[in-house]
Amino acid sequence: MLDVQSFAAGQWIAPDSGAREIASAITGDVIAQAGTSALDVQAMLGYARDVGGPALRKLTFHDRARMLKAVAMYLMERKQVLYDLSYDTGATLSDHKIDVDGGIGTMLVFASKGRREMPDGHVFLDGPPEQLGRTGAFMGRHICTPLQGVAVHINAFNFAVWGMLEKLAPTLLAGVPAIVKPATATCYVTEACVRMMLESGLLPEGSLQLVSGGLGDMLDHLGCQDAVAFTGSADTALKLRANPVLLENSVRFASEQDSLNASVLGTDVTPDTPEFELFVKEVQREMTAKAGQKCTAIRRIMVPDALIEPVIEALKGRLSKIAVGDPRLEDTRMGALVSASQKQDVLEKASLIQAEAEIVSGNMDEFTVKGADKNKGAFVPPMLFHCADPDAAVRVHDTEAFGPVSTIMPYRDLPHAIDLLNKGKGSLVASVITNNSDVAREITLGSATFHGRLYFNNRTSMAEATGHGAPLPHMVHGGPGRAGGGEELGGIRGVMHYMQRTAVQGSPDILSAISDQWVPGASEITHKDHPFTRTFNEVGLGETFNSPSREITLEDIETFAHFTGDTFYAHMDDEAAKANPFFPGRVAHGYLLLSFAAGLFVQPDPGPVLANTGLDNLRFMAPVAAGDSIRVRLTVKHKTPRNDEYGEVRWHVTLYNQDDAVAAEYELLTMNAYG
Ligand code: NDP
């Protein structure tokens, strides 16, 4: 029997007399025990806040992103161990891949986004500076810095690895230590994964702790710098979020709970279109992957009236081929539910649904189980119900049977489908299989606000579509109302849940110093050498080059027009240009101005500037006519190391005319050698 330990304040703690037994989902035999009454929750919180937090906050976002990548690679090499352990949770090999590989992949996406979308510093900037005064001497901007407390992650049983890593990756990237509490039923898999991460030596001390078994009174000791992220049942969520200490201290509580996700077959689909088969396949896959124990699984299937029979027939055909059995067997397509109590719960919920819907596929008395004792393991068949009157029904819209259980229901028209979707009272995801963009738009306008994610699929996207049920690290996961009102993942949005957004206001110099980014109006530094001759390490924020000025002649404009082929009337036809409210007459091409600007600011010799990689935020603000002159101001705005050889310099570029009015403004990106 496995003794599943906790990792608390730097020590592994074995289960004691307060431990709970954990049975195999396949045999029903007790295989492990977890839980200790000796957990010193105050010491754990202190260890995270006083040791883990400061160590993580010393690192930059890029340091932490690199750390995540290294941890993910370490786990990748050892994933077979996690697969082997996971069979006893009832999961098949393809389920393990969703859990283990999906979790590692999520970590890798955060590692990559952290490097690309966050600064190599300690302050994340949320949006551009705002000018708050008349002249720009007083500015404001929003910054995000890591919470100085601890994130407590309470996870569901269904994804022992992904459930942990999808919360851990944004938390650690933010710079916040975590205490992970997996659901007891599958905590032996999580424990093995935590052991690997700790043994890797890649995480700073104190940044990760584990509670196997009960959490004790940990939540009663949380404060305003802490956060709780919960996944599980609505009942537990309600109990935990109502904790008076959490309420009193405004502790962030993100919840992801029951969700009656739906899939809609579009009104445009007929049995002979590719969307019909696509729909049936997606529904079957979502019903049976992880034996339906997925927070995003399709619980309600909505089909136009006329197609209800053909869809039921097609689904019955596919579901009847799902081989249920020991997940270690190669031809098993669906394993077991996680435990006997979960099986009982699913059957109870299914009978509530059955009061409003007839069963059309999946019979507890008739299905067979390969390679295991049907009565000892937590096996159920895929169960499809048909609810003929979904308007009168209540249970089919509010009962989440957390297993391979779905209800198909007819709809009359799109407003009706939208009404049925929204009867879920807030869901994680709805999918719509349609090849008609108007259908997609109407459903979006009618029900996006009831969903955390809308997934559209059709013949064009099906080869690459990631699946109704797959929460992607790039996209928000969570949903309103019944789904918990929480939000996680979503790229850097998910990282911001573990940071505090603060509005900072002050002079441009103050804002530049805080944000590690030069703000217009802040001090400019001039150096005797041209900045293009200075390496990445040498140029400093605010370092500025002011070019001489250059007159733009009519000949320049004509030459540019004929050379490039851009003979647009505003540059070539004085009368037509004058009739245009933007121009005084013929004006220079914007691209001519950019080209001349480059000619004014470059230093042509080989040097540390390796490449020009682009422009951002280009705006032409005032027309430049023949006879006008332009000059350029080039200022180092921000520097980001990119690899071992070079870093990116973001230059703020302003083009002025002879009256010092701004003609154009943009950011130029160059790759500069470190030197
Ligand atoms: P629970 O809500 O019972 O448990 C979720 C997590 O909360 C587990 O880690 C559990 O730990 C923990 N927990 C329970 N009580 C407390 C407490 N008093 N203090 C601190 N932590 C606590 O959900 P389950 O995982 O057992 O799943 C039950 C049902 O939840 C499913 O049948 C399904 O309906 C729903 N569910 C929904 C999901 C979704 O995302 N939509 C995902 C998973 C489940 P422990 O295991 O030790 O009790």
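How far apart do the C-alpha centres of domain 1 and domain 3 lie? The notes below start there. Keep in mind that this is a predicted model.

1. **Domains.** The C-alpha centres of domain 1 and domain 3 are 50 Å apart. The protein is divided into domain 1 (2-116 + 148-257), domain 2 (262-474) and domain 3 (524-673). Note that domain 1 is written as two stretches of sequence, 2-116 and 148-257.

2. **The ligand.** Look next at the ligand and the 24 residues around it. A156, G232, S233, T236 and C295 come nearest. The shell is made up of 10 nonpolar, 9 polar and 5 charged residues. Domain 1 and domain 2 each supply at least three residues to this shell.

3. **Helix α11.** This helix covers residues 340-354. Does its length agree with what its 15 residues should span, or disagree? At 1.5 Å a residue, the expected span is 21 Å, and the end C-alpha atoms are 21 Å apart, so the two agree.

4. **The two sides of α11.** Q342, K343, V346, A350 and I353 are the buried residues of the helix. Seen down the axis of α11, they fall within an arc of 100 degrees, so they line one face. S341, Q344, E348 and S351 are exposed on the other side. Find both sets in the structure and compare them.

5. **Strands in domain 3.** Strand β28 (residues 662-673) pairs with strand β25 (residues 609-620). That pairing is antiparallel and has 8 bridges. Within it, N612 stands opposite T670. Strand β27 (residues 646-657) also runs antiparallel to β28, and 11 bridges join these two. Here Y656 has V662 as its bridge partner.

6. **The hairpin turn.** β27 and β28 form a hairpin, with 4 residues between them. One residue to check in the turn is D660, whose phi is positive, at about 65 degrees.

7. **Positive phi at A9.** Most residues other than glycine have a negative phi. A9 is not a glycine, yet its phi is positive, at about 50 degrees. A9 sits in the loop between β2 (6-8) and β3 (11-13). Is A9 buried or partly exposed? A9 counts as partly exposed, because it has 18 C-beta neighbours inside 10 Å.

8. **Positive phi at S250.** S250 is another residue to inspect. Its phi is positive, near 50 degrees, and S250 is not a glycine. S250 lies in the loop between α8 (244-248) and β12 (252-256). S250 has 9 other C-beta atoms within 10 Å, so it is exposed.

Definitions and conventions: Residues are numbered from 1 along each chain as its sequence is written. This is a predicted model: local features need pLDDT of at least 70, side-chain atom pairs count only at pLDDT 80 or more; totals for chains, interfaces and linings use all residues. Two strands pair if DSSP finds at least two bridges between them. A residue is near a molecule or strand if its C-beta atom, placed from the backbone, lies within 6 Å of it. Ala, Val, Leu, Ile, Met, Phe, Trp, Tyr, Cys and Pro count as nonpolar, Asp, Glu, Lys and Arg as charged, and the others, Gly among them, as polar. Domain bounds come from an automatic or database domain assignment. The expected span of a helix is 1.5 Å times one less than its number of residues. A residue is buried if 20 or more other C-beta atoms lie within 10 Å of its own, exposed if 12 or fewer, and partly exposed in between; C-beta atoms are placed from the backbone. The arc is that of the directions from the helix axis to the C-beta atoms.
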